[in-house]
Amino acid sequence: LLTSPPNPCTLVTAKDTASLVTGAQGRWITKDVRPEGRHCLWEAWKVPARLQVYMPRVYGSVAEANRYVTDELAEQARMQPTPVTQDWDFPFPGLPQRKARAALTPPRVLTGVGDRAYYYTMGGIDTAFDLATLVVRKGNVVVYIDYQAGRGAAVNGARRAGTFVAGALAGLQGGR
């Protein structure tokens with residue numbers, strides 16, 4: 001079990017990020033005063049694509065981390081019982097900085113990534129971009145991952161990023 005959170009920038013290799021966000025450089029974002037708001041960000045404007053791996057949350061036990069994921073999944077399902085439309089801050093430079101409409105989907109369990117994972121998406125209505133948020137538990141650690149890409153590519157990109165992150169966490173946890 002981990003006792004402190006690893007730097008999220010170390011959970012995805014340069015080779016992995018290059019396969020997800022071609023030509024991107026990672027940078028550590030610490031402007032959020034909440035520890036869980038800090039993240040590593042890789043962006044590429046020409047693709048465009050964006051990967052964010054947030055500061056991992058470390059729990060005292062696997063059971064505690066699993067309870068957190070169970071509670072969060074239930075909360076997301078309550079908040080999003082059916083697809084809804086909401087405003088979305090469009091983040092890519094060079095394109096108009098405005099709010100765009102996006103369809104938010106209910107969470108879905110994702111198998112084969114970490115010990116437990118689920119995701120939900122925001123699909124651009126006014127834009128041709130989608131965002132997938134993936135929550136991965138590996139051992140006693142929970143990590144949030146955002147992957148934004150062109151229409152239809154976000155879930156697969158988030159899944160791949162989650163697999164990379166879970167593998168890195170397994171290595172830190174002694175191969176478990």
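In this predicted model, strand 3, which covers residues 49-54, has 6 of its 6 residues buried, so the strand is largely enclosed by the rest of the structure. In a regular strand the side chains alternate between the two faces of the sheet. In strand 3, Ala49, Leu51 and Val53 point one way, whereas Arg50, Gln52 and Tyr54 point the other way, and all of these residues are buried.

The enclosure of strand 3 can be followed through its pairing with other strands. Strand 2 and strand 3 are paired in the antiparallel sense over 6 bridges, and strand 3 is also joined by 4 bridges to strand 10 (residues 141-150), again in an antiparallel arrangement. Leu51 takes part in both pairings, since Trp42 has Leu51 as its bridge partner in strand 3, while Leu51 in turn has Tyr147 as its bridge partner in strand 10.

A polar residue of this strand, Gln52, illustrates the surroundings of the face that it shares with Arg50 and Tyr54. Gln52 lies in strand 3 and has a relative accessible area of 10%; because this value falls under the 20% limit, the residue counts as buried. Its side chain is joined to that of His39 by a polar contact of 3.3 Å. When neighbours within four places in sequence are left aside, Gln52 is in contact with His39, Cys40 and Leu41, and also with Tyr144, Ile145 and Asp146.

Cys40, one of the residues in contact with Gln52, also takes part in a disulfide with Cys9, in which the two sulfur atoms are 2.1 Å apart. The count of disulfides in the model comes to 1. The torsion about the S-S bond is about 105°, so this disulfide is right-handed. Because Cys9 lies in the segment before helix 1 (14-20) and Cys40 in strand 2 (residues 39-44), the pair ties together parts that are 31 residues apart in sequence. The two cysteines differ in their exposure: Cys9 is partly exposed, with a relative accessible area of 23%, whereas Cys40 is buried, at 1% relative accessibility.

Nonpolar side chains tend to be buried together in soluble globular proteins. The largest nonpolar core of the model holds 29 residues, of which Leu51, Val53, Leu134, Ile145, Tyr147 and Val165 touch the most other members. At least two residues of this core are supplied by each of strand 2, strand 3, strand 8 (116-124), strand 9 (129-138), strand 10 and helix 3 (154-172), and the largest share, 6 residues, comes from helix 3. Another core, of 15 residues, lies apart from this one and has Tyr54, Ala65, Leu104 and Val142 among its members. Within the largest core, Leu134 offers an example of the contacts involved: beyond its neighbours within four places in sequence, its contacts include Leu110, Val113, Tyr119, Ile145, Ala158 and Gly162.

Helix 3 was examined further with regard to its length and packing. At 1.5 Å a residue, its 19 residues should span 27 Å, and its end C-alpha atoms are 27 Å apart, which agrees with that expectation. The buried residues of this helix are Ala154, Gly157, Ala158, Ala161, Gly162, Val165, Ala166, Leu169 and Ala170. An α-helix has 3.6 residues a turn, so residues three or four places apart point the same way. The buried residues of helix 3 pack against helix 1, strand 3, strand 9 and strand 10.

Just after helix 3, Gly174 adopts a positive phi of about 85°. Gln173, which lies in the segment after helix 3, is buried, at 11% relative accessibility. The side chain of Gln173 reaches the backbone oxygen of Lys138 at 2.9 Å, and, with neighbours within four places in sequence left aside, Gln173 is in contact with Leu2, Lys138, Gly139, Asn140 and Val141.

Val141 also features in a pairing of positions that are distant along the chain, as its C-alpha atom is separated by 5.6 Å from that of Arg57, although the two residues are 84 residues apart in sequence. Arg57 belongs to strand 4 (residues 57-58) and is partly exposed, with a relative accessible area of 25%. The side chain of Arg57 makes a polar contact of 2.4 Å with the side chain of Tyr68.

Notes
Residues numbered from 1 in each chain as written. Predicted model: local features only at pLDDT ≥ 70, side-chain atom pairs only at ≥ 80, totals over all residues. Heavy atoms only, no water. Disulfide = S-S within 2.5 Å. Buried < 20%, exposed > 50% of the residue type's maximum accessible area, 1.4 Å probe, protein only. Pairing = 2+ DSSP bridges. Polar contact = N/O pair within 3.5 Å; in protein donor to acceptor, adjacent residues only side chain to side chain. Contact = heavy atoms within 4.5 Å. Core = buried A, V, L, I, M, F, W, Y, C linked by side-chain atoms within 4.5 Å. Expected span 1.5 Å × (residues − 1).
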